[in-house]
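Please open the model in your viewer and keep the sequence panel beside it. The stops below suggest what to select next and say what is to be found there.

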Amino acid sequence: MPAESVDVVVIGMGPGGEDAATRLARAGLSVVGVEGRLVGGECPYYACVPTKMMVRAAGLVAEARRVDGMAGSATVQADWRPVADRIRDEATDDWDDTVAVERFEKAGGTFVRGWGKLSAPGEVTVTTPDGERVLRAGRGILLNPGTAPAIPPLDGLTGTPYWTNREAVTATEVPESLIVLGGGAVGVEFAQIFARFGARVTVVVPRRLLPQDEPEAGELLATVFAGEGIEVRSGVRGTGVRYDGQQFTLALDNGDSVRGARLLVATGRRSELSALGIGAVGLDESAKSIPVDNRMRAADGVWAIGDVTGAGAFTHVSMYQARIAAADILGEGSEVAQYRAVPRVTFTDPEVGAVGMTEAQARAAGLNVRIGYTEVPASVRGWIHKVGNAGFIKLIEDADRGVLVGACSVGPQGGEVLSALAVAVHAEVPTAVLRQMILAYPTFHRAIESALDALASS
């Protein structure tokens, strides 16, 4: 079949792919965006946006229940219907990406619904509902395939109506009981959301909650979960699943089992690089990620951004990389990627924010580490806040250079407090300079001052 000549082909129109494709189209290049699912990717339809609507609703329910003893009394009757309706109507347009497609086309791009694969250097073959199309990219190919839920090979799981994050987001009813397999950000957010709307929730984790964050964060969250009636089964793994048409039974490797009306599998995400055909440009299709340089170049004429690069499975990383890749394709790039201050936030209550290295990572890197730690309830704002004030700030300093290489901010608005610490890590502001700052009183972020004092005395 004859090939169509264009300047750039973007495979995968998640947040980063859509952003880069739009930048390139507005710069005057002929750009074809290829996407088999929804333009905008996981974030606006199944992840960041709808889940935070769920978090917001669950937070309102929790705050209303905290009125007693603080501001009188309140009776709360949680109702999931407004949450489900808002997700469908306001966030996802009932999982329809027409508006996103039109937005890209108005910017000058061409959209193709289908699955793109590198079929030769500079060439993409797209499988569409109407057959195959071959695109020749004169300026380059940008890969932004995103990831899909990773499903463990549990005996009996296949063929059952288990949930991933996608099914959980589209739920129109709260299950009577829920098993959450996995204790990362996705698992813990959904666990708390559904528990606050009345589900009996059990979380099963092989290690601890939030294994990628500071141990103190997982320990604190486990304590909070216990107080909210969420059972955490840590240090165990699932070995098999049974579903009788009404309930799931998850067998554990310690001989126990747990039962629930629904099973949410939140055990990570993965990319199928072989489906991208990256072997056609000399890249390893068996790898877990695509290595890129600091301008997102993966091979001659090929750039990659987003989860597939292994730099952080976050929308903000993908958008950051998109800007750099688009500029490089246009020959205007001077910015290079730096990842020393990648922020991340888990939107539980308390929020868990982190930036840069954990203490364990800093020690493994051979740094001379000093730790500064303070409890949020010990701060004036934490004391004022009272109920629901659990949290802490932990600073990780490279003592030889006198700069922060990481930080963890847990508590009410923990993700917002993180912003000041992210600036400090990114700009490598000396901790001596941070101690000279005037921090507004009485704010949550003023606890940073106490953490700095603890750092100085450690």
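Begin by selecting helix α14, residues 447-457, which in this predicted model lies across β20, β21 and β22 and runs at about 140° to β20. Keep those strands in view, and add their neighbours to the selection: the five strands of this open sheet follow the order β18-β19-β22-β21-β20, with antiparallel pairing. The edges are taken by β18 (343-346) and β20 (369-375), each of which has a single partner strand, so one side of each is left without a neighbour in the sheet. Between neighbouring strands of this sheet the average turn is 10°, direction ignored.

Now walk through the sheet from the β20 edge. Strands β20 and β21 run antiparallel and are joined by seven bridges, and a useful pair to label here is Thr374, which stands opposite Ile393 in β21. A second helix can be shown at this point, namely α12 (residues 414-427), which packs on the sheet and touches β18, β19, β21 and β22, its direction making about 180° with that of β22.

Next, select β21 (residues 392-398) together with β22, an antiparallel pair that is likewise joined by seven bridges. Asp398 stands opposite Val403 in β22, and if you follow the backbone through the hairpin of these strands, which has four residues between them, you will come to Gly402 with a positive phi near 70°. On the other pairing of β22, six bridges join it in the antiparallel sense to β19 (residues 351-356), where Gly353 can be picked out opposite Ser409 in β22.

How many of the nine residues of strand β22 (residues 403-411) are buried? Colouring by relative accessibility will show that nine of its nine residues are, so that the strand is mostly covered. Stay on this strand and select Cys408, which is buried with a relative accessible area of 1%. Its sulfur lies 20 Å from the closest cysteine sulfur, in Cys48, and this is too far for a bond.

That distance leads to the next selection, Cys43 and Cys48, which form a disulfide with their sulfur atoms 2.4 Å apart. The structure holds one disulfide, and the link of Cys43 and Cys48 is left-handed, with -135° about the S-S bond. Are its two cysteines buried or partly exposed? Cys43 is buried, at a relative accessible area of 13%, whereas Cys48 counts as partly exposed at 28%, because the limit for buried is under 20%.

Then move to the parallel sheet, which is open and has four strands in the order β10-β9-β8-β14. Its edge strands are β10 (231-234) and β14 (262-265), each pairing on one side only, and neighbouring strands are turned by 20° against each other on average, direction ignored. Strand β9 (residues 200-205) pairs with β10 in the parallel sense over four bridges, and Val204 can be labelled opposite Arg233 in β10. Helix α7 (residues 185-196) packs on this sheet, where it touches β8 (177-181), β9 and β14, and its direction makes about 165° with that of β9.

Within helix α7, select Arg196, a residue that counts as buried at 5% relative accessibility. Leaving aside neighbours within four places in sequence, Arg196 is in contact with residues including Ala58, Val61, Arg65, Arg66, Glu228 and Asp349.

From there, select Val203, whose contacts, not counting residues up to four places away in sequence, include Val180, Ala191, Leu209, Ile230 and Val232. Val203 is also among the residues that touch the most other members of the largest nonpolar core, a set of 68 residues in which Val31, Met54, Trp80, Phe190, Phe194 and Val201 are named alongside it. Apart from that core lies another of 23 residues, among them Val6, Val32, Val34 and Leu118.

Finally, zoom out to the whole chain, whose secondary structure comes to 14 helices and 22 strands. The C-alpha atoms fill a box of roughly 70 × 60 × 40 Å along the principal axes, and the radius of gyration of 24 Å agrees with the value near 23 Å for a compact globule of 458 residues. Of these residues, 50% count as buried, and residues 24 or more positions apart account for 63% of the contacts with a separation of 6 or more.

Key. Residues numbered from 1 in each chain as written. Predicted model: local features only at pLDDT ≥ 70, side-chain atom pairs only at ≥ 80, totals over all residues. Heavy atoms only, no water. Core = buried A, V, L, I, M, F, W, Y, C linked by side-chain atoms within 4.5 Å. Buried < 20%, exposed > 50% of the residue type's maximum accessible area, 1.4 Å probe, protein only. Contact = heavy atoms within 4.5 Å. Pairing = 2+ DSSP bridges. Helix = DSSP H or I, 4+ residues; strand = E, 2+ residues; numbered from the N terminus. Axes fitted to C-alpha atoms, helices over the stretch in contact; angles between N-to-C directions. Disulfide = S-S within 2.5 Å. Rg over C-alpha atoms; globule rule 2.2 N^0.38 Å.
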